[in-house]
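New notebook page. I want to go through this one piece by piece and write down what I look up.

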Amino acid sequence: MGKKQLTLVERWELDIKAYEKGVNVKTSTPQCKKCRYFIKKNALHCDIYINEKKPRDVMFCHKECLSFNSNNILDIGVLNEYDNRLYGGIFGFCIGDMLGVPVEFSTREERDNDEVKELRAYGTYHQPFGAWSDDTSMMLCLIDAFNYGFSMDKLAENFVSYYKDGKFTPNGVMFDIGISTQNAIEKIIHGIEPVKCGGSSEMDNGNGSLMRILPLAYLENKYDEEQIVKLVENVSSITHSHDRSKLACILYVELASQLIQGKEKLEAYEETIELIRKKCNEVYSNEFKNFEKILNKNVINFRREEIKSTGYVIDTLEAVLWLFFNKNSYEEMVLGAVNLGGDTDTIAAIVGGLSGIYYGFNSIPDRWVQNVERKKEIMEMISCFFKIIND
Ligand SMILES: [Mg+2]
């Protein structure tokens, strides 16, 4: 039995206890007794905060950040077209995640009443500006594994370091993890072979492997198509080994890879569908019915009300494709994702990856880039990764 995932309220209670013990983390919130009571009761809808005295630098769910001053400006320099797609994809992913974190789990109605138009802080996880979540952490685990001569064991070891020691996190503390992922990492710790750790039941089809798979789209110079598909299947299987999750990962990696090659949106999508229908027919044909709206392209013509933005892998992928074909800039796509509510950070991250590749790094607002926690380390990791995969 894996550990039970903590509810939001339980996490806030732990958080409050940590503050009482004087824990040294960069999150801060006024903790008057009155407010604590309300946080415990209702973390996402604390009316008390609205009129409560609070430090000037602390912003809450309903507030927008007005200034984006950063003391250590990251200058990536002039990028050629290819690098623009590479840095665009990874940073685009991370920034989508960062924009979604403060409002994860909020409802569509809440977002419609209080649209996110800018980077926010605090909110759901109580994290300061620039914090990204498990999506980016686990993607960085994958990049790091490649930087150290890829093996499944190295990747598994990175997941454990993330889970136990807060490595690959924005502020040294792991503040969120999906239940399937947590169960799988517990199995790794107990010595089970990594590819056998992922849940394989129909219930294990959250978007937990889709949300970290993007780096594999950059491997076209190093591996052939068949090898990449195999790699995608293995990397997904560490935490999510049901065919639905694996096929979702294959589809996303292929689409991203087509965009990296410079294809137009629709052309990339159509080529992806063709590949799935041809190459994945033997192993995955039973799953095709679940991907029907994606494989027949109907999803791009849906109305917003028909898009479910949950953590179920099919809902997530449909939301991502709908955003990618119905919005016209990086900014529109990631904010559009966040304002669907639900699994805001993951959907914004996944569409942010595609969008960052397609429109390029230079299309991402610099005020967001400069707010990414540990941006310099991320840039160095990406640079190293790109050297290795293009060697
Ligand atoms: Mg997340």
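Which handedness does the crossing of α10 and α16 have? I looked and noted it as left-handed. Before going on, a reminder to myself that this is a predicted model.

**Entry 1: α10 against α16**

I pulled up helix α10, residues 243-260, and helix α16, residues 344-359. Their axes sit 9 Å apart and the packing angle is about 15°. That angle makes α10 roughly parallel to α16, the cut-off for that label being under 35 degrees. For the contact I listed L255, A256, L259 and I260 on the α10 side, and G353, L354, I357 and Y358 on the α16 side. Sorted by class, this contact of α10 with α16 has seven nonpolar residues, one polar and no charged ones.

**Entry 2: the coiled-coil annotation**

I checked the UniProt record next. Its unreviewed entry puts a "coiled-coil region" at residues 252-286. I asked how much of residues 252-286 is helix in the model, and got 80%, with 0% strand. The C-alpha atoms at the two ends of that stretch are 19 Å apart.

**Entry 3: α6 against α18**

Then I took a second helix pair, α6 (residues 134-147) with α18 (residues 375-389). Here the angle is about 50° and the axes are 9 Å apart. I therefore wrote α6 and α18 down as oblique to each other. The crossing, α6 passing α18, is left-handed. On α6 the residues in contact are L140, I143, D144, F146 and N147, and they meet M381, I382, C384, F385, I388 and I389 of α18. By class I have nine nonpolar, one polar and one charged for the contact of α6 with α18.

**Entry 4: the binding-site residues**

Back to UniProt, again an unreviewed entry. For "binding site" the record lists S133, D134, D135, D343, D345 and T346. Why call that one spot? They span 214 residues in sequence, but no two of their C-alpha atoms are more than 12.3 Å apart, so they gather in one place. I then went through three of the names on that list.

S133 is in the loop between α5 and α6. I counted 26 other C-beta atoms within 10 Å, so S133 is buried, given that 20 or more is the cut-off. Leaving out neighbours within four places in sequence, S133 contacts D97, V101, D176 and D345. D345 is itself on the record's list.

D135 belongs to helix α6. Buried or exposed, this D135? Buried, because there are 32 C-beta neighbours inside 10 Å. With residues up to four places away in sequence not counted, D135 touches D97, M211, R212, D345, T346 and A349. I noted D97 as a contact of S133 and as a contact of D135.

D343 I found in the loop between α15 (330-338) and α16. It is buried too, with 27 C-beta neighbours inside 10 Å. What does D343 touch, not counting residues up to four places away in sequence? The contacts are E104, N207, S309, T310, G311 and T316. I followed up on G311: D343 and G311 are 32 residues apart in sequence, and 5.6 Å apart in space from C-alpha to C-alpha.

**Entry 5: odd phi angles**

I went looking for backbone oddities. Most residues other than glycine have a negative phi. F105 is not a glycine and has a positive phi of about 75°. F105 sits in the loop between α4 (81-100) and α5 (108-113). With 17 C-beta neighbours inside 10 Å, F105 goes down as partly exposed.

K297 also has a positive phi, about 65°, without being a glycine. Where is K297? In the loop between α13 (292-295) and α14 (313-326). I have K297 as partly exposed, since 14 other C-beta atoms lie within 10 Å.

**Entry 6: whole-chain numbers**

Last, the totals. How many helices and strands does the protein have? I get 18 helices and zero strands. Of the 391 residues in the protein, 47% are buried. For contacts between residues at least 6 apart in sequence, 74% join residues at least 24 apart.

Technical notes: Residues are numbered from 1 along each chain as its sequence is written. This is a predicted model: local features need pLDDT of at least 70, side-chain atom pairs count only at pLDDT 80 or more; totals for chains, interfaces and linings use all residues. Axes are lines fitted to C-alpha atoms, for helices over the stretch in contact, and angles run from 0 to 180 degrees between N-to-C directions. Helices (H or I, at least four residues) and strands (E, at least two) are DSSP runs, numbered from the N terminus. Angles under 35 degrees count as roughly parallel, over 145 as roughly antiparallel, 65 to 115 as roughly perpendicular and the rest as oblique. A crossing is left-handed if the near helix is turned anticlockwise from the far one by less than a right angle, and right-handed if clockwise. Two residues are in contact if their C-beta atoms, placed from the backbone, lie within 7 Å. Ala, Val, Leu, Ile, Met, Phe, Trp, Tyr, Cys and Pro count as nonpolar, Asp, Glu, Lys and Arg as charged, and the others, Gly among them, as polar. UniProt positions are given in the numbering used here, feature names are shortened, and annotations may be inferred rather than shown by experiment. A residue is buried if 20 or more other C-beta atoms lie within 10 Å of its own, exposed if 12 or fewer, and partly exposed in between; C-beta atoms are placed from the backbone.
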